[in-house]
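Please open the structure in your viewer and keep the sequence beside it. The tour below goes from one selection to the next and says what is to be found at each stop.

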Amino acid sequence: MKTLIVVAHPNIDTSTVNKHWVEELRNHPREYTVHELYKSYPTEQIDVLKERKMIEAHDNLILQFPVQWFNSPSLLKKWLDEVFDYGWAYGSDGGDKLKDRKVGLAVSAGIRSNDYSKEGRYGHTLEEILIPFKTTLLYCSADYRSIHAFYGEEKEPGGSEKENLIPGETGIEQNTKQYLSFLRNL
């Protein structure tokens with residue numbers, strides 16, 4: 001079972017969390033294919049057929065991105081609009097390519113986990129904020145597998161992650177192990 005990780009980070013070279021995740025995923029080439037949208041499409045002209053073939057060649061799909069303005073970076077939205085089209089991702093005319101495919105999200109949330117709560121600063125959980133992704137995937141009959149998140153600032157985890165750090169590990173190192181476990185348990 002091989003997983004395609006579609007990474008949508010507009011400046012991965014300056015990232016801490018997403019860059020660390022990508023570096024670790026590349027250590028497991030038999031399990032994961034890392035596909036960086038912004039590096040593959042610097043002019044944002046997406047090769048839709050290539051993208052679809054790549055998805056079809058994998059058992060699972062993960063969309064990895066930093067949460068920006070309570071959404072994804074713009075290229076991921078464009079990618080979804082163009083790749084998950086009628087007749088391929090959904091619809092009566094052969095649109096079943098995502099049917100029963102295990103799909104999940106991996107996000108760096110940028111703020112503390114308690115800010116993503118009913119009582120928190122934004123009044124919504126991260127799951128509620130990212131519901132359009134879940135809804136899109138369910139509409140395409142994918143087997144939606146939830147969200148893996150890194151909460152807090154890049155160099156300092158927030159919420160329960162900070163409180164449960166293993167001595168000698170950074171928040172990113174611990175979270176990366178949790179990410180790999182999330183992927184292996186899709």
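Begin by selecting Trp69, which is exposed, because its relative accessible area of 81% is over the 50% cut-off. This is a predicted model, so each stop describes a computed prediction. Trp69 sits in the loop that lies between β3 (60-66) and α4, and its phi is near 50 degrees, a positive value in a residue other than glycine. As background, most residues other than glycine have a negative phi.

Go next to Ser146, which lies in strand β5 (residues 143-150) and has a positive phi of about 85 degrees, although Ser146 is not a glycine. With a relative accessibility of 33%, Ser146 counts as partly exposed.

Now select strand β1 (residues 3-7) together with β2, and look at how they run: the two strands are parallel and are joined by five bridges. To see one of the pairs, pick Val7, whose bridge partner in β2 is Glu36. Strand β2 (residues 32-36) is mostly covered, since four of its five residues are buried. If you add α1 to the selection, you have β1, α1 and β2 in view, which make a right-handed β-α-β unit.

Stay with helix α1 (residues 17-25) and select Asn18, which is found in this helix. Is Asn18 buried or exposed? Asn18 counts as buried, because its relative accessibility is 1% and the cut-off for buried is under 20%. Leaving aside neighbours within four places in sequence, you can show the residues with which Asn18 is in contact, namely His9, Ile12, Gln64, Phe65, Pro66 and Ser108.

The next selection is helix α3 (residues 48-56), whose buried residues are Glu51, Arg52, Met54 and Ile55. These buried residues cover an arc of only 160 degrees around the axis, which means that they are on the same side of α3. Turn to the other side of α3, and you find Leu49 and Lys53, which are exposed. What do the buried residues of α3 pack against? Their packing partners are β1, β2, α2 (37-40) and α4 (74-83).

From here, move to the nonpolar cores. In soluble globular proteins, nonpolar side chains tend to be buried together. In this model the largest nonpolar core has 39 residues, and those with the most contacts inside it are Phe65, Trp79, Phe84 and Leu126. Helix α4 gives the largest share of this core, with five residues. Select Phe84 and display what it touches: not counting residues up to four places away in sequence, Phe84 touches Ile55, Leu61, Trp79, Ala89, Tyr90, Leu98, Thr136, Leu137 and Cys140. Apart from the largest core lies another core, of 18 residues, and you can locate it by selecting Val7, Leu25, Leu180 and Leu186, which are among them.

For the last stop, select Lys177 in helix α8 (residues 171-184). Lys177 is exposed, because its relative accessible area is 51% and the cut-off for exposed is over 50%. If you also select Tyr151, you can compare two separations, for Lys177 and Tyr151 are 26 residues apart in sequence and 15 Å apart in space, C-alpha to C-alpha.

Terms used: Residues numbered from 1 in each chain as written. Predicted model: local features only at pLDDT ≥ 70, side-chain atom pairs only at ≥ 80, totals over all residues. Heavy atoms only, no water. Buried < 20%, exposed > 50% of the residue type's maximum accessible area, 1.4 Å probe, protein only. Contact = heavy atoms within 4.5 Å. Pairing = 2+ DSSP bridges. Right-handed = clockwise from strand over helix to strand, strands pointing away. Arc of directions from axis to C-beta. Core = buried A, V, L, I, M, F, W, Y, C linked by side-chain atoms within 4.5 Å.
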